[in-house]
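Biologist: I would like a close look at a single part of this protein, the open sheet. Please go through its strands one by one, and then place the sheet in the rest of the structure.

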Amino acid sequence: MTSPLLHNSGEWNTLLDELAPSSIIVLTDHNTENHCLPYFLSTYLEGEEFIHLSVLPGEESKSTACAEELWSVLLEEEVDRKALFISLGGGVITDLGGFVASTFKRGMPFIHVPTTHLGMTDAAIGGKNGVNFQGLKNQLGTIRQPKAILIDAKFLDTLPELERRAGFMETLKHALIADAAFWKNLKNRDDSTRAVSNEIIHHSASIKQRIIAQDQDDFGIRQSLNFGHTVGHSVEALTGISHGEAVAFGIVAESFISNRQCGLSDDELDDICQVVFGCLTPSLSADLDTEALIQLMKSDKKNEYGEVRFSLISNIGKSNIGETVPIEVVAQSIAFALSKMKR
Ligand SMILES: NC(=O)c1ccc[n+]([C@@H]2O[C@H](COP(=O)([O-])OP(=O)(O)OC[C@H]3O[C@@H](n4cnc5c(N)ncnc54)[C@H](O)[C@@H]3O)[C@@H](O)[C@H]2O)c1
Ligand SMILES: [Zn+2]
């Protein structure tokens, strides 16, 4: 089962009437409290009473300490299992809120209201909730679907430009793995700001939603969503650049591998380099340690028997999962992506 995507206040009100919660909890971080909560209240929660929880912005809040504080407040406030937990924020807040709600008293209903591009098109969709533990990402968590995901691109108006561009990488990825027409639409739009329309956000979210629906257990087609992320995650871990920048680099590198291994044409490869690095050029120096990157890829949990496996594309819009790639080609792909970066 996947969660419905809600598109407007009419659909939202219908769901709220159906759920008839005993109380409402809204979790924000301090940024979404300032930038998103006023609009959210006036558009979606007018006149409703609610308990407000707010945490510091940033990945550090995805912690057991933070979860414990939130559970404590829920207990103090005598929240019961018929209450509704709403997470209003980026991926940090929906991951944390989903974790707290899905474990409190063995699970209470929750709704995600993502406020970043990455949240709307990626993090809030799929039912993975969790926190980091002992310095490692997403070590503790649950898989439980929210009752719904409310997607309103209006929240993006206040999102910093770099966050916007970073999130846009996930949308480009969705087009590359699943929808050639969408790719054309994305690359032909005015990219002066990369501000995106509600339609683009909804379409991107619905691609992830459709893929999840076909593979709840994460053993098959869901792996197509890793495109750009095998190289991307290792670059992110090694250099500490942002996820979005690392994924931009990863998409270009893995498109090169797709060109060498699964028939992605030279023209398509060129096109991808132009569009991706045109939107976001990673802040990487040319002396990236390829050996270390490959070690990180080999130790990734998704790789069995010491091989590096990739989710690639055979054309724009067509994914090809579970490809084993020779190490030399991986090394060439890193040199290629470095050479294509606009410095
Ligand atoms: N559960 C999943 O399947 C999944 C998938 C991908 C990523 N994630 C997780 O998502 C997290 C990253 O998400 P993110 O990039 O949204 O980060 P984030 O939640 O940290 O948000 C980025 C920054 O933008 C601010 N912000 C959020 N919305 C805003 C708005 N509308 N206006 C102004 N500022 C705003 C936040 O306060 C924060 O400072 C990571 O922890 C990652 O592990 C989860
Ligand atoms: Zn990503």
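Modeller: The sheet is open and has six strands, in the order β1-β8-β5-β4-β2-β3, and the pairing is parallel. At its edges stand β1 (5-6) and β3, each of which pairs on one side only. Bear in mind throughout that this is a predicted model.

In general, the strands of a sheet are held to each other through backbone hydrogen bonds, in either a parallel or an antiparallel arrangement.

Start with strand β2, residues 24-29. Five of its six residues are buried, so β2 is largely enclosed by the rest of the structure. A residue is called buried here if 20 or more other C-beta atoms lie within 10 Å of its own. On one side β2 pairs with the edge strand β3, residues 51-55, through five bridges in the parallel sense. In that pairing, D29 of β2 is set opposite V55 of β3. β2 also pairs with β4, residues 84-89, where four bridges join the two parallel strands. There, V26 has I86 of β4 as its bridge partner.

β4 in turn runs parallel to β5, residues 110-114, and five bridges join the two. I86 appears again in this pairing, now opposite I111 of β5.

I86 leads from the sheet to the interior. The largest nonpolar core has 88 residues, and I86, L176 and V252 are the ones that touch the most other members. Helix α11, residues 243-261, gives the largest share of this core, with nine residues. Domain 1 (5-156) and domain 2 (162-195 + 223-340) both contribute residues, so the core lies between them. As a general point, nonpolar side chains in soluble globular proteins tend to be buried together.

L176 shows what such a core residue touches. Leaving aside residues up to four places away in sequence, L176 is in contact with W183, F227, I272, I313 and I316.

Next, the two domains themselves. The domain assignment gives domain 1 as 5-156 and domain 2 as 162-195 + 223-340. Taken over C-alpha atoms, their centres are 30 Å apart. The contact between them involves six residues of domain 1 and eight residues of domain 2. On the domain 1 side, the touching residues are two nonpolar, three polar and one charged.

One helix is worth describing as well. Helix α10, residues 229-239, is mostly covered, with eight of its 11 residues buried. Among the buried residues of α10 are H229, H233 and E236. The cover over the buried residues of α10 includes α11, α13 (290-299), β9 (309-315) and α14 (327-340). After α10 comes G240, which has a positive phi near 80°.

That leaves the ligand. Ligand 1 is surrounded by 29 residues, the closest being N31, G90, G91, V92 and T116. The elements that each supply two or more residues to this shell are α2 (30-35), α5 (91-103), α6 (117-123) and β7 (136-143). By type, the shell holds eight nonpolar, 13 polar and eight charged residues.

To return to the sheet: β2 has parallel partners in β4 and β3, while I86 of β4 stands opposite I111 of β5 and is one of the residues with the most contacts in the largest nonpolar core.

Conventions. Residues numbered from 1 in each chain as written. Chains lettered and ligands numbered in written order. Predicted model: local features only at pLDDT ≥ 70, side-chain atom pairs only at ≥ 80, totals over all residues. Near = placed C-beta within 6 Å. Nonpolar A, V, L, I, M, F, W, Y, C, P; charged D, E, K, R; others polar. Domains from an automatic or database assignment. Contact = placed C-beta atoms within 7 Å. Buried ≥ 20, exposed ≤ 12 C-beta atoms within 10 Å, placed from the backbone. Pairing = 2+ DSSP bridges. Core = buried A, V, L, I, M, F, W, Y, C linked by C-beta atoms within 7 Å.
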